[in-house]
Amino acid sequence: MILKRYIEEHTNTNFDVIIIGGGITGAAVAYTAAGRGLSVALFEKKDYGGATSAATSKLIHGGLRYLANMEFKLVRESLQERRILGNIAPNFVYPLPFLFPNYKRWKGNMWKMAAGMFLYDMLSYDKKHTWDKSKQLPNHKTISFKKTIEQEPNLIKKDLRNATVFYDYQSIFPERLTLSFIKSAAEYGAKVSNYAIVEDFVYDDENKISGVKVKDLILNKTKTVKGSLIINCGGTWADKILNMASKSKNLTHKVRRSE
Ligand SMILES: Cc1cc2nc3c(=O)[nH]c(=O)nc-3n(C[C@H](O)[C@H](O)[C@H](O)COP(=O)(O)OP(=O)(O)OC[C@H]3O[C@@H](n4cnc5c(N)ncnc54)[C@H](O)[C@@H]3O)c2cc1C
């Protein structure tokens with residue numbers, strides 16, 4: 001399908017949902033909302049998926065490390081979403097094995113590792129429920145010293161006991177995954193525009209936000225787009241968007257960015 005830039009043709013539609021930001025969060029929200037029959041407009045100031053969503057470690061993981069913080073609900077949710085991606089985007093996600101060498105000097109962590117692996121398997125008990133068999137992830141397994149060295153000959157052999165192998169998905173092109181969500185949202189009727197920056201909010205008579213001012217960065221025109229609900233999917237810029245909204249109330253929100 002041809003992905004039209006809606007902002008060029010906007011006149012006076014009032015949307016159920018306006019989404020600011022066309023990274024994976026905005027794209028997935030647009031897909032979900034449009035798929036449920038809501039009228040949706042999405043604005044992205046650069047290109048879809050061109051910011052953080054293009055610069056990930058390329059993993060679709062369940063968050064194994066969050067188990068150490070006892071965040072079981074979060075891990076279960078992530079593992080469910082991992083499986084869902086295996087079902088709805090099989091062309092973008094692929095099983096990726098990890099090999100975790102167990103050395104004698106890590107004695108204290110062995111039980112923690114075993115418990116973590118057991119839980120990761122338990123919390124993803126439905127990981128084999130994918131229509132595409134090649135997306136079915138196996139449970140973790142422990143492999144012998146010999147097999148570990150066969151798999152990774154460059155590992156330091158001294159004190160090596162064995163290794164744990166577990167699986168997540170790899171998503172090699174997260175920006176293309178994002179674009180596919182945008183395109184599916186558009187197929188459900190969402191109106192999407194890239195190179196369209198939200199510069200301000202508009203307010204109704206009761207001083208409630210009722211829309212956004214969007215600058216079309218290609219045609220250099222600013223338009224007002226009305227909506228009942230506005231969702232901030234601005235990622236790292238979320239604080240700037242919040243500050244734009246709370247300008248009149250003198251609030252300051254800050255995202256702490258890594259250097
Ligand atoms: C180094 C690193 C590695 C990571 N690895 C992984 C991984 O392996 N697996 C994983 O699942 N997650 C990973 N993450 C996390 C993941 O990348 C983010 O959670 C995700 O990309 C966030 O998506 P987003 O849509 O919220 O933000 P973004 O992708 O940043 O999208 C926000 C969008 O909003 C737009 N925008 C901002 N302000 C405006 C405005 N005023 N008007 C219009 N548009 C606006 C921006 O241009 C941007 O495109 C990683 C993150 C980092 C930093």
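# Notebook: loops, sheets, cores and a ligand shell

**Entry 1: two odd backbone angles.** I started at Lys58, which I found in the loop between β2 (40-43) and β3. A reminder to myself: this is a predicted model, and I am reading computed values from it. Lys58 is not a glycine, yet its phi is positive, about 65°. I noted why that caught my eye: most residues other than glycine have a negative phi. Is Lys58 buried or exposed? Lys58 has 12 C-beta neighbours inside 10 Å, so it counts as exposed; the cut-off for that class is 12 or fewer.

Then I looked at Tyr195, in the loop between β7 (191-193) and β8. Tyr195 also has a positive phi, about 50°, without being a glycine. I counted 16 other C-beta atoms within 10 Å of Tyr195, so this residue is partly exposed.

**Entry 2: the chain as a whole.** I stepped back for an overview. How many helices and strands does the protein chain have? I found six helices and 10 strands. The C-alpha trace spans about 70 × 45 × 30 Å along its principal axes. Of the 259 residues in the chain, 33% are buried. I also checked the contacts with a separation of 6 or more: 66% of them join residues 24 or more positions apart.

**Entry 3: the six-stranded sheet.** I traced an open sheet of six strands and wrote down the order β7-β2-β1-β10-β9-β8, with mixed pairing. Which strands are at the edges? They are β7 and β8, and each pairs on one side only. From one strand to the next, the twist averages 40°.

Next I followed the β8, β9 and β10 end of that order. β8 and β9 pair antiparallel over seven bridges, and I could pick out Phe201 with its bridge partner Val212 in β9. These two strands form a hairpin with five residues between them. In its turn I met Asn207, with a positive phi of about 65°.

β9 (residues 209-216) and β10 (residues 221-232) also run antiparallel, joined by six bridges. I located two of the partners: Lys215 is bridged to Thr222 in β10, and Asp216 stands opposite Lys221 in β10. Here too there is a hairpin, with four residues between the strands, and Asn220 in the turn has a positive phi of about 55°.

**Entry 4: strands that pair with β6.** I then turned to β6 (residues 160-170) and listed its partners.

- β3 pairs with β6 in the antiparallel sense over two bridges; Leu59 has Gln170 as its bridge partner in β6.
- β4 (residues 94-103) pairs with β6, also antiparallel, over 10 bridges; I saw Tyr103 opposite Leu160 in β6.
- β5 (residues 141-143) runs antiparallel to β6, joined to it by three bridges; Ile143 stands opposite Ala163 in β6.

**Entry 5: the nonpolar cores.** Which residues touch the most other members of the largest nonpolar core? Out of its 36 residues, I wrote down Ile18, Ile19, Ala30, Val40, Ile182 and Ala185. At least two core residues come from each of β1 (14-20), α1, β2, α5 (174-187), β8, β9 and β10. α1 gives the most, seven residues. I zoomed in on Ile18: leaving aside residues up to four places away in sequence, Ile18 touches Ala41, Val212, Val225, Gly227 and Ile230. Val212 was already in my notes as the bridge partner of Phe201. Apart from the largest core lies another core of 10 residues, including Leu64, Leu79, Leu123 and Tyr167.

**Entry 6: around the ligand.** Last, I looked at the ligand. How many residues surround the ligand? I found 29, and the closest are Gly21, Gly23, Ser53, Ser57 and Gly235. The elements that give two or more residues to this shell are α1 (24-35), β3 (59-60) and β8 (196-203). α1 supplies the largest share, three residues. I sorted the shell by residue type: 12 nonpolar, 13 polar and four charged.

**Loose threads I tied up.** α1 turned up twice in my notes: it gives the most residues to the largest nonpolar core, and it also gives the largest share of the ligand shell. β8 turned up often as well: it is an edge strand of the open sheet, it forms a hairpin with β9, and it is one of the elements that give two or more residues to the shell around the ligand.

Methods:
Residues numbered from 1 in each chain as written. Predicted model: local features only at pLDDT ≥ 70, side-chain atom pairs only at ≥ 80, totals over all residues. Near = placed C-beta within 6 Å. Nonpolar A, V, L, I, M, F, W, Y, C, P; charged D, E, K, R; others polar. Buried ≥ 20, exposed ≤ 12 C-beta atoms within 10 Å, placed from the backbone. Pairing = 2+ DSSP bridges. Axes fitted to C-alpha atoms, helices over the stretch in contact; angles between N-to-C directions. Core = buried A, V, L, I, M, F, W, Y, C linked by C-beta atoms within 7 Å. Contact = placed C-beta atoms within 7 Å.
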